[in-house]
Each structure stands twice: as C-alpha cells, then as structure tokens.
Amino acid sequence: MAKNTLSFVCQNCGAAYNRWQGKCESCGEWNTLAEEDATGSIPVSIRSKRKGRTFALESLAGKTQDAPRLSSGMTEFDRVTGGGFVRGSVLLVGGDPGIGKSTLLTQATSLMARAGHRIVYISGEEAIAQVRLRAERLGLSDAPVQLAAETSVEDIVSTLSEGAVPRLIVIDSIQTMWTDTVESAPGTVTQVRASAQALIRFAKKTGAAIILVGHVTKDGQIAGPRVVEHMVDAVLSFEGEGSQQFRILRAVKNRFGPTDEIGVFEMTGLGLREVTNPSELFLSERDLGTPGTAVFAGIEGTRPLLVELQALVAPTSLGTPRRAVVGWDPSRLSMVLAVLEAHCGVKLSGHDVYLNVAGGLRIHEPAADLAAAAALVSSLVNAQLPTDAVYFGEISLSGVVRPVAQTPARLKEAAKLGFQRAVLPESARGEAGGDAGLTLNAINSLTTLVAEIAARGSRRGESNAPAEKNATPARFRRGEG
Ligand code: TYD
Ligand code: MG
C-alpha cells in the first residue's frame, strides 16, 4: 500500500515522523520538520515488484589490487586524504560559504587535469562564466578540466557514463543536486540523500572518484546531509576565520587514511597557497614584548606544530567573571583554572579570563594545558615568559603535569625554529633524549611552574629589568638552566 508515504522529515538530522511537530526529538532542533516523500530514492514500483538476483560470495583472502591513488597535485591536500583519492571513493568536503571550497577544488582539478587525467567539474551553484572567471584569476584557464553547470543527477550520470570513465568528478555542491526519483524540493534532506546515493552508486560502479561539496550550517554541521556523512568514504572539513588568511583542511572521517592530519593553506589574491611549514606561519606575527603569551609545541596528526597561546586575565567588574576562549575547549580552560585555584593558590574568581589561539587554529590536544596555564599565570602576575621557550604537558586534576605523546618530535620542531628551551613534564625527560639541542626544564607539578613565573614577576618588579625581548639566549641558560 503506497498510501501512507508522506511524512515529516527533520531537515537537520533526517529523522522522520508521521505527523508535524515543532521540535525534532532526535536532534532537539526547532522548526526543522518539513513534509517530504519518505520513501527515499527507490520508487515504489521497483520496491514491490523487483525479484532478487543472486550474487557470488567472496572470501576475505582474495586478491584485490591495491587501490591506486590519484594525487591531487597539492601535497597538503594529499596529506589529509591519506595520499590521494582512491578509485571509486566518495569524499564530502564541507565548509562555510566563502571559505574557499570552490577555489581549492578548482586548483586541485586543474593540476590533475594537467597531469593527463580526465577530470569533470560540475557546478550547480555558479554559471560556467563564473567558474571560468575564477580559473582565469587563478591562472588555470589552460587546464583541460571538463566543465558543466548542471543540477540533475540523472543527466549527470548519463552524460558521464559515456566515453572514458573520469578519474575524478567534483559536484559543487550536493545541496543543489536533485533527482527525479523523489518528489521533494532540491536542498531537502530527502533530495540530498537520494542524489548522494545515486552518485555514490555511480562511483562504486565505474571506479570514478567523486568529491561532493557540502555547505555548513551556523552550528558547524554539514547542513542537512548529516545523513550523507555516513554514506561517504571520507568527510573533510575546510575551516578558517573569515578575517584570517589561513585555511585548514581537516579529515573528520576517512576510510582510507588518518583522521588527525591537517593541511594548511593561505588564501592569497591568486588562490590558495600551500603552507609547508605551518609553525613559521602561526608564529610569524608574535608579539614578543607582552606578558600573557606562551608558545605551545603541539602535534597535528603526525606533524609538529608550534602555535602561540594568548591569555588576558583582568579584574572583573561583573558579578560572575567572564571566561571566553577562542580555538580551545572551554571546559579544559575551566579545568585548568580550577586546578590553579585549588592547588596553586592562584585566585582567579575575581578576574575575567580570555584565552586565544593565535592564527585562527583550533587545538584539540590536552597537551596544551601547560602552555595555557603558563600564559594565564604570566598575564595575571604581569610577567613576561621567556620568548625562547616552548611549553607542553597535560595537567591532571591533582595538579600533576602528565606526559604526552611524541615528545621528541615536539622538541625537534622547537629547536628547528630557534627555540632554546622547553618546559615539559618531568616524566617525559627520559624520552626526550639528550640530543634535543634545547635546555629542558622538566617539571612535576603545576605549582612549580606557577612559582617560577611568579618569581619572574617579582624579580622584574624589583629591578625594573628591561623586557626579555633584548635578552640573549645565553643569558637565559646561565640564569635558570
Ligand atoms: P570560494 O572558493 O568561492 O568559496 P566557497 O566555494 O567555499 O563558497 O571562495 C570565495 C572567497 O575566496 C571570496 O571571498 C574571494 C576569495 N578568493 C581570494 O581571496 N582569492 C582568490 O584567488 C579566489 C579565487 C577567491
Ligand atoms: Mg563555492
């Protein structure tokens, strides 16, 4: 009975209900239910009449050729995909409007097409002229990319089924695609899901790799197609602050590679430039003369990354002091503040606290605890930290500084960029080895760090010493090494 096929589908998470209601019980969003044909992409006639065919069952041990990867021509892009695009795989690239998704994909497809592959770029959002204009601006007009402005999935599939199978197809964006098999309007969850299904089927059948571009909603979800996220092989997110030049490509899910690698790009007037040494970029505009900044030696994926943490601790005029954090986890900030209060006697309840990760980067590692604590205390006591030091270590609730992974890689990167010393967990000293080229200040408890910074503050007050900016590295080592 095909009578009861209309239902109400949440446009945020895809949950279906058989009557309208104001709030989606599945994801908690309001006003997201819309009436849709809930049968999905398989027409009723096929569902009811189709007789199953038989297929051969395979063993796990069979010979499958190793999936040859298609390099994007951009090292930073390949790093995130795990070495290039796998045959027949489907990737979703999400990001805010205007962040540079079309620019990134125009550049990558042009490079691949120049390398002799058949590459197709389908734009559902922009007219051919607009895409050409972008390519011209990027100096890529001569690349033999095959271009079309189309939105019908059936038309796209029939067109691409002719001739040689394309190595890669870009669909910009999945939200603009629609298929005849469902009746909902383009952009609805049902349409997006059905269109994605049809394209995924095409990819698996022909071996062409497909990149779907997806828009992101205000709360950072890839709009509607959360349903698409679990259908595709990889989900990449393209992030950045609108005002900053840096763009970060991050793998959120990847069936063929790591999920913790990032690719770093800089948006210039001539498109995206790959940044091969991100530490230099994130430290390029350091303000060396102010208290409240500490350099964190972090790891993103397999790559060390140095980044500056900036803190401002100021007396509050409010009943409840403000705590604001950009680029780090607010609950980790609360934890570090609580440990400082409880174990180190640092009173912060009368202060507003702001913490910022410079350059628009987002840090996910607990190893940043120590650098955050150093920046906070430095701002509170108005004592500048040594400008040639890096910090890393996780802080436990009892105030102990705990070891973190990949100590040697962090130290090596710091030494490479001219840093002279590292403040790190006591228990990581052995792992560090003696050849790091840095003076190691291994600490066991957060109290030690707070005492050291406070001592700098009072020393500075007494002698009215000049800012550390002028200090030579040698002086540092004699003083405290
Ligand atoms: P776009 O790739 O169209 O973003 P998306 O596809 O994610 O919506 O990029 C749009 C922005 O990038 C736009 O604000 C202009 C800027 N831009 C540059 O700064 N330099 C360039 O070379 C190009 C092509 C775009
Ligand atoms: Mg675009």
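**Questions of definition**

Guide: Glutamine 406 has its place in the loop between β21 (401–402) and α11 (407–416). The model in which this loop appears is a predicted one.

Visitor: Why does glutamine 406 count as partly exposed?

Guide: Its relative accessibility is 35%. Buried requires a value under 20% and exposed a value over 50%, so glutamine 406, at 35%, falls in between and counts as partly exposed.

Visitor: What is the phi of glutamine 406?

Guide: Phi of glutamine 406 is near 60°, a positive value in a residue other than glycine. Most residues other than glycine have a negative phi. Asparagine 382, also not a glycine, has a positive phi of about 55°. Asparagine 382 lies in the loop between α10 (369–380) and β19 (389–391). With a relative accessible area of 44%, between the limits of 20% and 50%, asparagine 382 is therefore partly exposed.

Visitor: What kind of peptide bond joins aspartate 172 and serine 173?

Guide: The bond is cis, with omega of about 10°. Most peptide bonds are trans. Serine 173 is found in the loop between β9 (168–172) and α6 (189–206).

Visitor: What makes phenylalanine 238 and phenylalanine 265 an aromatic pair, and of which kind?

Guide: A pair of aromatic rings is described by the distance of the centres and the angle of the planes. Here the centres are 6.0 Å apart and the planes meet at 80°. The limit for a pair is 6.5 Å, and an angle over 60 degrees counts as edge-to-face; therefore phenylalanine 238 and phenylalanine 265 form an edge-to-face pair. Phenylalanine 238 belongs to strand β11 (residues 234–239) and phenylalanine 265 to strand β13, 27 residues apart, and the pair links distant parts of the chain.

Visitor: How do you know whether phenylalanine 238 and phenylalanine 265 are buried or exposed?

Guide: Phenylalanine 238 has a relative accessible area of 2%, and phenylalanine 265 has 0%. Buried means under 20%, so phenylalanine 238 and phenylalanine 265 are buried.

Visitor: How many aromatic pairs does the rule give?

Guide: The count comes to two. Phenylalanine 77 and phenylalanine 85 form an edge-to-face pair, at 5.4 Å centre to centre with 85° between the planes. Phenylalanine 77 and phenylalanine 85 are buried.

Visitor: Why does threonine 81 count as buried?

Guide: Its relative accessibility is 6%, which is under the 20% limit, so threonine 81 counts as buried. Threonine 81 lies in helix α2 (residues 75–81). Leaving aside neighbours within four places in sequence, threonine 81 is in contact with residues including Leu91, Leu236 and Phe256.

Visitor: What makes the approach of threonine 81 to glycine 84 a polar contact?

Guide: The side chain of threonine 81 reaches the backbone nitrogen of glycine 84 at 3.1 Å. A polar contact needs N or O atoms within 3.5 Å, a donor facing an acceptor, so the distance of 3.1 Å meets the cut-off.

Visitor: Which backbone atoms approach ligand 1?

Guide: A backbone N or O atom of glycine 100 lies 3.0 Å from an oxygen atom of ligand 1, and one of glycine 269 lies 3.2 Å from an oxygen atom of ligand 1. A polar backbone atom of threonine 268 is 2.8 Å from a nitrogen atom of ligand 1. The protein covers 74% of the 560 Å² of accessible area that ligand 1 has on its own.

Methods
Residues numbered from 1 in each chain as written. Chains lettered and ligands numbered in written order. Predicted model: local features only at pLDDT ≥ 70, side-chain atom pairs only at ≥ 80, totals over all residues. Heavy atoms only, no water. Areas by Shrake-Rupley, 256 points an atom, 1.4 Å probe, with all protein chains shown as cover. Phe/Tyr/Trp six-rings, centres within 6.5 Å; stacked < 30°, edge-to-face > 60°. Buried < 20%, exposed > 50% of the residue type's maximum accessible area, 1.4 Å probe, protein only. Helix = DSSP H or I, 4+ residues; strand = E, 2+ residues; numbered from the N terminus. Contact = heavy atoms within 4.5 Å.
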